[in-house]
Amino acid sequence: VLIARHPSRLTELGVFTPLALLFATWSWVSGWWGGDVGYLTLQWVIIASWLFTSQWVIARKALDQTRLINGLLIVGSVSALVITVYFYLNHPFSDRLEGITAARAPTLVGHVYGVVVLIAVYLSWQSKTLLNSVLLTLAAVPALAAVVLSQSRGPAIAIVLSLFVGMIWLRPAWRVIGVQ
């Protein structure tokens, strides 16, 4: 829609947005012979919307990173809780957690909510007060539960490695790590 209204916006996209959109389009087209074109179309629309909206926000210089990160944490924690409860109301507890959005596969659930865990933990390490650090750690619990319940080894290993590197890089206070 933005490009249709303002064709000059194509020059604001940079090189990576069209490349990412081209890759998403290739993935969508390559799925035609595998079935479930509706799901692939949904993924393409989400990726394209995200790419163009991100570029629009960056071009307008309207990005408040603190609000964005806090919003991601809140939405991620709440959605992790919702999908976990919803999934296990209809499935046995031994099943791998699957999502109800574009991230349907257990591994994708693990990756998406793994990012939420990392955001919460990194923010808690940088918090000025112990209370805020504890609250941020508690916000990570639903997302961490989603990662564990997805039973996905890759996201779990990525979280552990990222936290290890983060501890070396950010050097959080030992009392915060002890509480966590």
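This is a short tour of a predicted model, stop by stop, with residues to select in your viewer.

**Stop one: a nonpolar surface patch**

Start by selecting Phe23, Trp26, Trp32, Trp33 and Val37, and switch on a surface if you like. These residues make up a nonpolar patch on the outside of the protein, and together they offer about 670 Å² of accessible area. Now pick out Trp33, which sits in the loop linking α2 (16-30) to α3 (37-60). Is Trp33 buried or exposed? Its relative accessible area is 66%, and the cut-off for exposed is over 50%, so Trp33 is exposed.

**Stop two: the aromatic rings**

Next up are ring pairs. A pair of aromatic rings is described by the distance of the centres and the angle of the planes. With ring centres within 6.5 Å as the criterion, the model has three aromatic pairs. Select Phe87 and Tyr88 to see one of them: the ring centres are 5.0 Å apart and the planes meet at 90°, so this pair is edge-to-face. Phe87 and Tyr88 are both buried. Then add Phe93 to the selection. Its ring centre is 5.1 Å from that of Tyr88, with the planes at 50°, so the Tyr88 and Phe93 pair counts as tilted.

Keep Phe87, Tyr88 and Phe93 on screen, as they form one aromatic cluster. Colour them by accessibility and look at what you get. Tyr88 has a relative accessibility of 14%, so it falls in the buried class. Phe93, at 61%, is classed as exposed.

**Stop three: Gly76 in α4**

Go to helix α4 (residues 65-90) and select Gly76 there. Gly76 has a relative accessible area of 7%, so it counts as buried. Which residues does Gly76 touch, setting aside neighbours within four places in sequence? Show Tyr113 and Val116, since both are in contact with Gly76. Then draw a distance from the C-alpha of Gly76 to the C-alpha of Ala139: it should read 9.1 Å, for two residues that are 63 apart along the chain.

**Stop four: Thr137 in α6**

Finish in helix α6 (residues 130-150), with Thr137 selected. At 17% relative accessibility, Thr137 is under the 20% cut-off and so counts as buried. Where does its side chain point a polar atom? Check the backbone oxygen of Ser133, which lies 2.8 Å from a polar atom of the Thr137 side chain. Lastly, bring up Ser124 and Gln180, which Thr137 touches once residues up to four places away in sequence are left out.

How values were computed:
Residues are numbered from 1 along each chain as its sequence is written. This is a predicted model: local features need pLDDT of at least 70, side-chain atom pairs count only at pLDDT 80 or more; totals for chains, interfaces and linings use all residues. Side-chain values use heavy atoms; hydrogens and water are left out. Patches are made of residues with over 30% relative accessible area and no salt bridge: like charges are joined within 9 Å, nonpolar side chains (Val, Leu, Ile, Met, Phe, Trp, Tyr) within 5 Å. Accessible areas come from the Shrake-Rupley method with a 1.4 Å probe; for residues, only the protein chains shown count as cover. A salt bridge is a side-chain nitrogen of Lys or Arg within 4 Å of a carboxyl oxygen of Asp or Glu. Helices (H or I, at least four residues) and strands (E, at least two) are DSSP runs, numbered from the N terminus. Buried means under 20% relative accessible area, exposed over 50%, partly exposed in between (1.4 Å probe, protein chains only). Rings of Phe, Tyr and Trp (its six-membered ring) pair if their centres lie within 6.5 Å; planes under 30 degrees apart count as stacked, over 60 as edge-to-face and the rest as tilted. A polar contact is a pair of N or O atoms within 3.5 Å; within protein, one must be able to donate a hydrogen and the other to accept it, and residues adjacent in sequence count only if both atoms are side-chain atoms. Contact means heavy atoms within 4.5 Å.
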